[in-house]
Amino acid sequence: MAPRKLAAGNWKMNGTLASLAEVEALAEAHPAPSCDVLICPPATLIHALASRIAGRGIKVGGQDCHASHSGAHTGDLAASQLADVGASHVILGHSERRADHGETSGAIAAKARAAHEAGLVAIICLGETEAERDAGQTLDVIAGQLAASLPEGATAANTVIAYEPVWAIGTGRTPSSEQIAEVHALLRADLSKTLADGADISLLYGGSVKPSNAAGIFAIPHVNGALVGGASLKAADFGPIVAALSAA
Ligand code: PEP
């Protein structure tokens, strides 16, 4: 099988029930895209969103989960609880979680294992800081994060990898096509060496993807889609990104 194309929206800590109209507008404007489309709203909206767009081809995901299935973890959510309210995917190891909550790659691997056990697809995020890129450490950082964040049992069916340079998130800056290509080639080579079906794992690029740069990014080898923050909040922005991926 070839890697599945995926346009994934990360709403972060944005959105209320009124925002779900944007996803309905997206479904109306793009009723049958030739790629998977996923919206990861705040956890408060997962159930309502899954109910409202059931059967319309858009998947719903979480933005984090706990590594345990239940217990005394105030404020946390288990992967099985996300699945229970309609999630099919969960974003793990986003750089904002690594920075704000001190999440290590080892902790992310444990969360990914829990996600798999709950039947969720884990979208594992990796990315270098600007200081690491300036120091010429990008490939070593990415290879290290991949090796430590990938759990045993990862397959193309249950895992997606998102390359998100920290300095490109929410800044309007993106790496050059050559820089994205270099990292995605490394990811593909490492995954192909490590996993029997590593050649089929979807690789997303994330960091300031917009309608204006999406087609160029989707033309880069081994880019199978995008993880999109700000531009996923409005159907008028995310729709053209979905269309560009459908056409890629
Ligand atoms: C993200 O948060 O995953 C992201 C890529 O954000 P943005 O598209 O806003 O840069």
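## Helix H7 and Gln-145

Helices here are DSSP runs (H or I) of at least four residues, numbered from the N terminus. With that in hand, Gln-145 is easy to place: helix H7, which covers residues 138–149, contains this glutamine. Keep in mind that you're looking at a predicted model.

Is Gln-145 buried or exposed? Its relative accessibility is 13%, and the cut-off for buried is under 20%, so Gln-145 counts as buried. Its side chain has a polar partner too: the backbone nitrogen of Gly-127, reached at 2.8 Å.

## Strand E5 and its two neighbours

Next up is strand E5, residues 121–126, where six of six residues are buried. Both faces are covered. On one side you'll find Val-121, Ile-123 and Cys-125, and on the other Ala-122, Ile-124 and Leu-126, all of them buried.

E5 has pairing partners as well. Strand E4 (residues 89–92) pairs with E5 in the parallel sense, over four bridges. If you want a spot to check in the viewer, take His-89, whose bridge partner in E5 is Val-121. Strand E6 (residues 159–163) also runs parallel to E5, and that pairing has five bridges. There, Cys-125 has Ala-162 of E6 as its bridge partner.

## On to strand E7

From E6 the pairing carries on to E7, again in the parallel sense and over four bridges. Tyr-163 stands opposite Tyr-205 of E7 in this pairing.

Strand E7 spans residues 202–206, and five of its five residues are buried. As for its faces, Ser-202, Leu-204 and Gly-206 sit on one side, with Leu-203 and Tyr-205 on the other, and both faces are covered.

## Strands E2 and E3

Another parallel pairing joins strand E2 (residues 36–40) to E3, this time over three bridges. Ile-39 stands opposite Val-60 in E3. Strand E3 itself, residues 58–62, is mostly covered, with four of its five residues buried.

Cys-40 belongs to strand E2. It counts as buried because its relative accessibility is 0%. For a longer-range distance, try Cys-40 and Asp-84: they are 44 residues apart along the chain, and their C-alpha atoms are separated by 15 Å.

## The ligand site

Where does the ligand sit? It occupies the second largest pocket. Around the ligand there are 14 residues, and the closest are Lys-12, Glu-164, Gly-170, Ser-208 and Gly-229.

Several polar backbone atoms come up against ligand oxygens. For Gly-170, a polar backbone atom is 2.7 Å from an oxygen atom of the ligand. Ser-208 places a backbone N or O atom 2.8 Å from a ligand oxygen. Gly-230 also has a polar backbone atom in play, at 2.9 Å from an oxygen of the ligand. How much of the ligand's accessible area does the protein cover? On its own the ligand has 290 Å² of accessible area, and the protein covers 97% of that.

## Two residues with positive phi

Ser-208 deserves another look. This ligand neighbour lies in the loop between E7 and helix H9 (214–218). With a relative accessible area of 9%, Ser-208 falls under the cut-off and is therefore buried.

Its backbone is the odd part. Most residues other than glycine have a negative phi. Ser-208 has a positive phi of about 60°, although it isn't a glycine. His-222 is another case, with a positive phi of about 65° and, again, no glycine identity to go with it. You'll find His-222 in the loop between H9 and E8. Its relative accessible area is 34%, so His-222 is classed as partly exposed.

## The loop after strand E8

Last stop: Ser-232, in the loop between strand E8 (225–228) and helix H10 (235–247). Why does Ser-232 count as buried? Because its relative accessibility is 3%, and anything under 20% qualifies.

Which backbone atom does the side chain of Ser-232 reach? It's the backbone oxygen of Val-228, at 3.2 Å. Val-228 falls within the residue range of E8, so to speak of this contact is to speak of a loop side chain and a strand backbone.

Technical notes. Residues are numbered from 1 along each chain as its sequence is written. This is a predicted model: local features need pLDDT of at least 70, side-chain atom pairs count only at pLDDT 80 or more; totals for chains, interfaces and linings use all residues. Side-chain values use heavy atoms; hydrogens and water are left out. Buried means under 20% relative accessible area, exposed over 50%, partly exposed in between (1.4 Å probe, protein chains only). Helices (H or I, at least four residues) and strands (E, at least two) are DSSP runs, numbered from the N terminus. Two strands pair if DSSP finds at least two bridges between them. A residue is near a molecule or strand if one of its heavy atoms lies within 4 Å of it. A polar contact is a pair of N or O atoms within 3.5 Å; within protein, one must be able to donate a hydrogen and the other to accept it, and residues adjacent in sequence count only if both atoms are side-chain atoms. Accessible areas come from the Shrake-Rupley method with a 1.4 Å probe; for residues, only the protein chains shown count as cover. On a 1 Å grid over the protein atoms alone, a cavity is a set of points where a 1.4 Å probe fits but cannot get out, and a pocket is an open set with protein on both sides within 12 Å along at least five of seven lines; lining residues have an atom within 4 Å of a point. A molecule sits in a cavity or pocket if more than half of its atoms lie within 2 Å of its grid points.
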